[in-house]
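Here is a quick tour of one model, with its pockets and its nonpolar cores in view. Have the structure open as you read.

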Amino acid sequence: MAKHDTPLLDELEKGPWPSFVTDMKRQAETHPECWDILGQLELSFKDRITHWKHGGIVGVFGYGGGIVGRYSDVPKQFPGVEHFHTVRIAQPAGLYYSTKNLRALMDLWDKYGSGMTNMHGSTGDMIFLGTRTENLEPLFWDLTHDLDQDLGGSGSNLRTPSCCLGDSRCEWSCYDAQDICYHLTMHYQDEIHRPAFPYKFKFKFSGCPNDCVAAIARSDFALIGTWKDDIQMDQAAVKEYIAGNYPSNGGAHAGRDWGAFDIQKEVIDICPTDCMWMEGDELKIDNSECTRCMHCINVMPRALKPGKEKGATICIGAKAPILDGAQFATMVIPFINVSKDNEYENVIDVIEQIWDWWMEVGKNRERVGETMQRIGLPTFLKVMEVEAMPQHVKEPRSNPYVFWKEEEVEGGWERDVQAFRKKHAA
């Protein structure tokens, strides 16, 4: 396939930063269809519209998700991208790949596709960018039979669950994020590969409130590790930080001289609820006011760490701006035990309670967070059988009306109006 003149794209190769244009030109030396990708993108820049179209559903036999169909709307001009489907490859929990596995995946993609990948998308999958329809079944066969891997989720289904490194690398992890991620991936294979929901649904598992997979911002169901008891504290280590013998932030800020460590300025004054103070040379914490923001633990990891009574908070309903604006997930269940001993039955019960309601009342292409927003949090909490609490309140009430249910009103709706007026005479 011929090279195309790309003066607009060439501008993106200028400057100090790496450019995807340079990478694609290099890839085109072994995969000539990449010249047509560049040519079509140049045309899109010129016309200021995309020249990709959805030309119908494509996939592999038995699966409704995992492959995103993509076709060019100018195939005669760029025949190399007449078909250019995206294949999602389910990622391992915690994104632990061996080099052997990565090389095998790249060899497979060189054989059946463009060789271009995304590592990793918002869902977490490895993304194979660009192949023809006739290559999908042989690619799927080799992937599942030779590499023992599967496709990820796409469409109105459960997307591939993703998680942080959890217990495998992180001392702050409050539950085994990798284990529950793997368990639910296996438990919900049908929901991942056969779309049946109003729209997409994402699980993300973060082992601690640092939320390294951004679960609270990007997932419909976020399980974020937390603890119920007091922050564990080593007062001797606190003194070492104050004396400058231990580097703050685990040494992460060693690139320049920030001056002596100041616990008042760098920890206490930054606490969002002002729940920390010094008494003499001892650090004090009012744990009843702690919101588990992790800042103090991040700054002084040798002195502070999460409590011993560990579990997770469930937040529901985050999303990107599609039907409505972007929103963070809403905290619904402040604490739940996360134990592999019962195969996470209590977490699964919560998930399926959400699904039963959302699949009944959710509109087409409406994320569960949008359904919650449309129906209202009070109704959703009743569905989830959760008692309302102050932590559910996003902002002080701006609506002056209070609506009561009949059973909450003494005497109900049926009453003697004359007796009421007599009792409440002006």
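## Ground rules and a buried threonine

A residue is called buried when its relative accessible area is under 20%, exposed when over 50%, and partly exposed in between (1.4 Å probe, protein chains only). Thr 371 comes out at 0% relative accessibility, so it counts as buried. This residue sits in helix H13; helices (H or I, at least four residues) and strands (E, at least two) are DSSP runs numbered from the N terminus. Leaving aside residues up to four places away in sequence, Thr 371 touches Trp 357, Trp 358, Val 361, Gly 362, Glu 366 and Gly 376, a contact being heavy atoms within 4.5 Å.

The model is predicted, so local features need pLDDT of at least 70 and side-chain atom pairs pLDDT 80 or more, while totals for chains, interfaces and linings use all residues. Numbering runs from 1 along each chain as its sequence is written, and side-chain values use heavy atoms, with hydrogens and water left out.

## The nonpolar cores

H13 also feeds the largest nonpolar core, alongside H6, E8, E9, E14, E15, H12 and H14, each giving two or more residues. (Such a core is a set of buried Ala, Val, Leu, Ile, Met, Phe, Trp, Tyr and Cys residues joined through side-chain atoms within 4.5 Å.) H12 (345–361) hands over the largest share, 8 residues. The core has 47 residues, and those touching the most other members are Phe 201, Phe 203, Phe 205, Phe 221 and Leu 223.

Phe 203 has contacts with Leu 158, Pro 161, Ser 162, Leu 184, Tyr 188, Ser 219, Phe 221, Ile 351 and Trp 355, again not counting residues up to four places away in sequence. A separate core of 25 residues includes Ile 231, Ile 268, Met 276 and Leu 304.

## The largest pocket

About 1900 Å³ of space lies in the largest pocket. On a 1 Å grid over the protein atoms alone, a pocket is an open set of points where a 1.4 Å probe fits, with protein on both sides within 12 Å along at least five of seven lines; lining residues have an atom within 4 Å of a point. Volume is the space filled by probe spheres set on the points, which are joined across faces, edges and corners.

Its lining has 49 residues, with Leu 377, Gln 391, His 392, Val 393 and Lys 394 closest to the centre. Domain 2 (162–227 + 310–392) and domain 3 (232–305) both contribute to the lining, so the pocket lies between them; the domain bounds come from an automatic or database assignment.
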